[in-house]
Amino acid sequence: METGAVSQNIHLQATALGLGMTLVGGFDDVAVCQLLPQSGLLEPTALLCVGPRA
């Protein structure tokens, strides 16, 4: 539920700033953990991609 609430707020802010945003829910968890520095206590649940509108 927290992931949904955070992604909704980021989507709303991106829209307000004139940016595009998409939520990716299906991804390789292990690859993301290796790519991003983090503590062992966190686990990725979604990827939020924000950028200029196409």
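**A quick tour: two cysteines and a nonpolar patch**

Start with C49: its sulfur lies 16 Å from the closest cysteine sulfur, in C33, too far for a bond. Before going on, note that this is a predicted model, where local features need pLDDT of at least 70 and side-chain atom pairs count only at pLDDT 80 or more, while totals for chains, interfaces and linings use all residues. Residues are numbered from 1 along each chain as its sequence is written, and side-chain values use heavy atoms, with hydrogens and water left out.

Keep C33 and C49 selected. The structure holds zero disulfides, a disulfide being a pair of cysteine sulfur atoms within 2.5 Å. C33 is partly exposed at 31% relative accessible area, and C49 is partly exposed too, at 38% (buried is under 20%, exposed over 50%, partly exposed in between; 1.4 Å probe, protein chains only).

Next, pick V6, I10, L23, L48 and V50: together they make a nonpolar surface patch with about 370 Å² of accessible area. Patch members have over 30% relative accessible area and no salt bridge (Lys or Arg side-chain nitrogen within 4 Å of an Asp or Glu carboxyl oxygen), with nonpolar side chains joined within 5 Å. Areas are Shrake-Rupley, 1.4 Å probe.

Now zoom in on L23, in strand β1 (residues 19-24); strands are DSSP E runs of at least two residues. L23 is partly exposed, at 45%. Show its contacts (heavy atoms within 4.5 Å): leaving out residues up to four places away in sequence, L23 touches S7, A46, L47 and L48.

Finish on L48, which sits in strand β2 and is partly exposed at 31%.

Technical notes
Patch = residues over 30% accessible without salt bridge, like charges linked within 9 Å, V, L, I, M, F, W, Y side chains within 5 Å. Helix = DSSP H or I, 4+ residues; strand = E, 2+ residues; numbered from the N terminus.
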